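Student: Please take me through this model slowly, and set each value beside the rule that gives it its name.

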Amino acid sequence: MLSGKRILLGVSGGIAAYKAVEVLRKLMELGAEVRVAMTRNAARFVAPLTFSALSGKPVLTDEFSEDGWGPMGHIAVTDGLDLALVAPATANIIGKLSAGIADDALSTALMAAECPVIIAPAMNERMFRNAFLQRNVGSLRAAGIRIVEPDIGALACGTSGQGRLASPDRIVQAVQAALSLKDLAGVTVLVTAGPTREPIDAARFISNPSTGKMGYALAIEARNRGADVMLISGPTHLHPPQGVNYRSVTTAAEMHRAVREHASQCQIIIMAAAVSDFRPKEPFERKLKKEEASLAVTLERTEDILQGLGDARRGQVLVGFAAETDDLIRNAGYKLKKKNLDLIVANTIGLPGRGFASDMNEAVLMERGGKITELPHMTKTELAARIMDAVVELKKNQGL
Ligand code: CTP
C-alpha cells in the first residue's frame, strides 16, 4: 500500500504519455497522493485536464504560471515528496536530468526533488540504443536513480524492439519496492569504493582499473533501504550520491585512516574498494626525469584494512570482496576465513562484460556459515540489492 505517500508523476512528451494515466490511476488506488508535472510536449499527447481530474490536483505544466501551484510551482510541487517518477521518460528529459539542465516545469521540479527518483524510459529502439542516451541512463543509474527498463515489443513507429514503456504494473511495483523496503532504517553502514593511488613521484602513481561503480551502487542501495551511509571513496569519476555521507581519499593509507575513524560507529562494513596492496617505499617528491635507461622502484605492503577490521571485530557485519583470476571459490573462501568476514563477494576478473569498469557483474556470495549463492550475470545495481539482502539476513541471524 502507498497510503500517505506523496509521489510526483512526471510525464514527458512521448506517445506512451497516455499510459501515464493508467500509472496515475494505479498509484491512487494504492492510496498515494499524486501530483503531476508535464512537459509542454507531453500536454500535446494528453490533456493536463485528464491528469488533474484524476489526481484531484492542479497539473504543473508551466514554470512561469501562477495558477495551481502558485508562483514557485516547481518548488511547491516537490515539497514533502517521498518519490518522483518520470513515466514515460523521453531521451530529452533523460539527457536534461543527467546534465543537470532545468529549463521547464518538469526538469526544474526534478532538480528540486530531494527524494528517490525512478524513471521509465520509452522511445524508438534505435534511440534507446544510442550511445549518448545509454551513457546518460548509466550516469543516472550511478547517481542512484532507478531505471524501469523498457519492454521489448511492438513500437508506435511500426518497428519492434526494446523501447516500449514498461507496463503500468511493473512501474507501480518499482514504486512500491522503492518506498516499502526500509529494512536498514536507523542502521549505520560504511562502504568503501574505487581504487587507491600510490604515488611513485609527483606525476605518476600505481593504481588499478576500479571505477567505484560497485561500491557506489551498494551505498545507494543501503541509503534507499533507510540506512545512514558513510561512503569512503578513492578517486573516481562518479558523483557523490545524494543523501550519503561522503569522504574522498587517495591512498591506501588515507583510506585506512578514514575507515578507522568511522568503523566503530558502523554496524555494517562493506569493503568494496580495490585497495592497492603495495606502494612505492620512498615516493619522489619531484617528477622523475627519464634520463635513466631503467628505473627500479621498491614497493612495500600497504595495511590490509579489511584484515584489521576482521581481527578487531565487535558486533558488526563485515563484508569483503575477492577479485580473482583463478580458482574463485577456493581463493575467496580462504579470504573469507583469514579475514574473519561474514560474507565475501567473489568475482572473476579479466572476462568481458563484468568486473572492473563494467555496469554488469557476475558474483558468488560466500557466507561464514558455508552458504554459497551463485548469482547470474546482472547489473551492479541489482547485485547491490542481492548483496544487501544477504547482509540484512546475516545481521538478523547475529541478533544485531
Ligand atoms: N583489502 C583491504 N586492504 C588491502 C587490500 C584489500 O581492505 N590493502 C580488501 C578489499 O577491499 C577487498 C578484500 O580485501 O574487500 C580482498 O581484496 P583482494 O585484492 O581480492 O585480495 P587481497 O586480500 O588483496 O589478496 P590478493 O591480492 O593476494 O588476492
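Tutor: Let us begin with the rules for strands: strands (E, at least two residues) and helices (H or I, at least four residues) are DSSP runs, numbered from the N terminus, and two strands pair if DSSP finds at least two bridges between them. This is a predicted model, in which local features need pLDDT of at least 70 and side-chain atom pairs count only at pLDDT 80 or more, while totals for chains, interfaces and linings use all residues. Residues are numbered from 1 along each chain as its sequence is written, and side-chain values use heavy atoms, with hydrogens and water left out.

Student: How do you know that strand 9 and strand 14 pair?

Tutor: Strand 9 and strand 14 (residues 268–271) are joined by 4 bridges, against a requirement of at least two, so they count as a parallel pair. One of the bridge partners is Ile268 in strand 14, which is matched with Val189. Strand 9 also pairs in the parallel sense with strand 12 (residues 228–233), over 6 bridges, and there Thr192 has Ile232 as its bridge partner.

Student: What makes strand 9 largely enclosed?

Tutor: A residue is buried when its relative accessible area is under 20%, exposed when over 50%, and partly exposed in between (1.4 Å probe, protein chains only). In strand 9 (residues 188–193), 6 of the 6 residues are buried, and therefore the rest of the structure largely encloses it. The burial applies to both faces, with Thr188, Leu190 and Thr192 on one side and Val189, Val191 and Ala193 on the other.

Student: Why is helix 6 also called largely enclosed?

Tutor: Helix 6 (residues 105–112) has 6 buried residues out of 8, so it too is largely enclosed by the rest of the structure. The buried residues are Ala105, Leu106, Ser107, Thr108, Ala109 and Leu110. Their cover, judged by contact (heavy atoms within 4.5 Å), includes strand 1, strand 2 (33–38), strand 3, helix 4 (73–76), strand 4 and helix 5.

Student: Several of those strands belong to an open sheet, so what makes two of its strands edge strands?

Tutor: The open sheet has 6 strands in the order 3-2-1-4-5-6, with parallel pairing. Strand 3 (59–60) and strand 6 (146–147) each pair on one side only, and they are the edge strands. Within the sheet, strand 1 and strand 2 pair over 6 bridges in the parallel sense, with Val36 in strand 2 as the bridge partner of Leu9. Strand 1, moreover, is mostly covered, with 5 of its 6 residues buried.

Student: What is noteworthy about the peptide bond before Pro88?

Tutor: The bond from Ala87 to Pro88 is cis, with omega near 0°, and Pro88 is placed in strand 4.

Student: Why is Leu295 called exposed, while Asp327 is called partly exposed?

Tutor: Leu295 has 52% relative accessibility, which is over the upper limit, so it counts as exposed. Asp327 has 45%, between the two limits, and therefore counts as partly exposed. Leu295 lies in the loop between strand 15 (278–280) and strand 16 (299–301), whereas Asp327 lies in the loop between strand 17 (317–324) and helix 13 (328–338). Asp327 also has a positive phi of about 50°, although it is not a glycine.

Student: How do you know how to class Asn340?

Tutor: At 27% relative accessibility, Asn340 falls between the limits and so counts as partly exposed. Asn340 is found in the loop between helix 13 and strand 18 (343–348), and its phi is near 60°, a positive value in a residue other than glycine.
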